[in-house]
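User: Hi! I'm new to reading protein structures and would like to go through one step by step. Could you help me with some questions?

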Amino acid sequence: MYLSCNMTIASLYKDYYVRWCQQQNIIPVKQTTYRKIFCTEYNFGFKLPKSDTCKICDESKIKLDIAKSNNDDKEEQRLTTFLNSHKIRSKAMQDLLKLETERSENTTNVYVISFELQQAMPIPKLTTGPAFYCRKVYLYNLEVHDYTAEQGHMFLWTENQANRGSDDVACVLFKFLKDKKDVGHLVVFTVNCPGQSKNWLLMAFSLQLIKETCFKTITHHFLVTGHTHLSSDRDFALIEKRHRKYAPEVYSPEGWHKIINDANNKNPLKVTVMQQEDFFGFELLLANVQKRDFSGVYTFHFKTKNTKSFFVERSEYYKKG
Ligand SMILES: [Zn+2]
């Protein structure tokens, strides 16, 4: 059982116990005794405050509170229905991820991955005050999480090598997937982020993968924003914890590589350092999917904004090579 994060044993004693004793005309025990009984005879914890909460949920809850205080029943009902359907949709996507992972564990023909960028890591990262204001070089980390083998693969590069746009993400995915063998179906889960994963380039890249690799189909699902809970979030938290606790000062890219290497003792993360020749221009692929007429209007009408999933399949008439 958990108590609200804005309570402490001291506040429980002062605001609830002492007041209750006064009402009952009882002499309260000392706070040390109260604390001892609370800690030894009850199993209550204090809930940690939530961080990184969902924007849609938060906004709807505030609107719902306002509607309730204004006695606006119609608005209250509309918001409740909206919030419920949002929660059902996010749970359905999480269930699908579980289901696909189970399917991939039971057959060799399906491969389930997710990919996500970690927050950029500064080099050097020093604790000394003035360093905070100095310009730093940033290290990027894209994790490709293999759900089938439950393994995190970290791909690292610095900002002087490449950026972290959709074509750079495609280069990492290509390095990871190009040598896969004997797998027919690739299933990808990512955050619903236009810059990183939900864009024309990644769709064009999926078509290219179908041409060049063993995959016959690729399905890409976008998890509901604010409810993604990908394994990479847990891995990034482990890296952050390792850095805070054991290596608060980092002087070089190798310093970060070591922290990432040591972050997960039970199931070590695999680190790959990207080389300059691993980055090449995938943006040329855009010409395969974005067709414009003479006036510059797209003739291939397809809106990415509301897309929940997309699926590409190799035609039975397509001959490799
Ligand atoms: Zn939400």
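User: Let's start with one side chain. Is Asp235 buried or exposed?

Analyst: Happy to help, and keep in mind that this is a predicted model. The relative accessible area of Asp235 is 1%. Buried means under 20%, so with its 1% Asp235 counts as buried.

User: Which residue meets Asp235 in a salt bridge?

Analyst: Side chains of opposite charge can pair when their charged atoms come close. For Asp235, the N to O distance in the salt bridge is 3.6 Å. The cut-off is 4 Å, and the partner is Arg234.

User: Is Arg234 buried, partly exposed or exposed?

Analyst: Arg234 has a relative accessible area of 44%. The class between 20% and 50% is the middle one. That is why Arg234 is called partly exposed.

User: Which residue is linked with Arg234 and Asp235 in a network of salt bridges?

Analyst: The structure holds 10 salt bridges. Arg234 and Asp235 belong to a network of them, and the other member is Glu150.

User: How many residues apart in sequence are the parts that Glu159 and Arg135 tie together?

Analyst: Glu159 and Arg135 form a salt bridge, with their closest N and O atoms 3.7 Å apart. Glu159 lies in the loop between β6 (151-158) and α5, while Arg135 lies in the loop between β4 (121-123) and β5 (137-146). The pair therefore ties together parts whose separation in sequence is 24 residues.

User: Which helix holds both Asp262 and Lys258?

Analyst: These two form a salt bridge, and their closest N and O atoms are 2.7 Å apart. Asp262 is partly exposed at 24% relative accessibility, and Lys258 is exposed at 52%. They sit four residues apart, about one turn of the helix, and that helix is α8 (residues 253-262).

User: Now for empty space. What is the volume of the largest cavity?

Analyst: Rolling a probe the size of a water molecule over the atoms shows where empty space is left. Here there is one cavity of 30 Å³ or more. The volume of the largest cavity is about 80 Å³.

User: Which element gives the largest share of the lining of that largest cavity?

Analyst: Its lining includes Ile113, Phe115, Leu173 and His220. By class there are 10 nonpolar, two polar and no charged residues. Among the elements that give two or more residues are β3 (110-117), α5 (166-177) and α6 (200-212). The largest share, four residues, comes from α6.

User: And the largest pocket: which element gives most to its lining?

Analyst: This pocket holds about 960 Å³ of space. It is lined by 26 residues, and those closest to its centre are Ser51, Asp52, Thr53, Gly226 and His227. Two or more lining residues come from each of α3 (55-69) and α7 (231-246). The largest share, four residues, is from α3.

User: How many residues in the lining of the largest pocket are charged?

Analyst: The lining divides into three classes. Eight of its residues are nonpolar and nine are polar. The number of charged residues is nine.

User: One last stop, at the surface. How much accessible area does the nonpolar patch with Tyr42 have?

Analyst: Tyr42 is in the loop between α2 (31-41) and β2 (45-46), and at 47% relative accessibility it counts as partly exposed. Tyr42 forms the patch with Met1, Ile37 and Phe44. Together, these residues have an accessible area of about 440 Å².

Conventions
Residues are numbered from 1 along each chain as its sequence is written. This is a predicted model: local features need pLDDT of at least 70, side-chain atom pairs count only at pLDDT 80 or more; totals for chains, interfaces and linings use all residues. Side-chain values use heavy atoms; hydrogens and water are left out. Patches are made of residues with over 30% relative accessible area and no salt bridge: like charges are joined within 9 Å, nonpolar side chains (Val, Leu, Ile, Met, Phe, Trp, Tyr) within 5 Å. Accessible areas come from the Shrake-Rupley method with a 1.4 Å probe; for residues, only the protein chains shown count as cover. A salt bridge is a side-chain nitrogen of Lys or Arg within 4 Å of a carboxyl oxygen of Asp or Glu. Buried means under 20% relative accessible area, exposed over 50%, partly exposed in between (1.4 Å probe, protein chains only). On a 1 Å grid over the protein atoms alone, a cavity is a set of points where a 1.4 Å probe fits but cannot get out, and a pocket is an open set with protein on both sides within 12 Å along at least five of seven lines; lining residues have an atom within 4 Å of a point. Grid points are joined across faces, edges and corners, and a volume is the space filled by probe spheres set on the points. Ala, Val, Leu, Ile, Met, Phe, Trp, Tyr, Cys and Pro count as nonpolar, Asp, Glu, Lys and Arg as charged, and the others, Gly among them, as polar.
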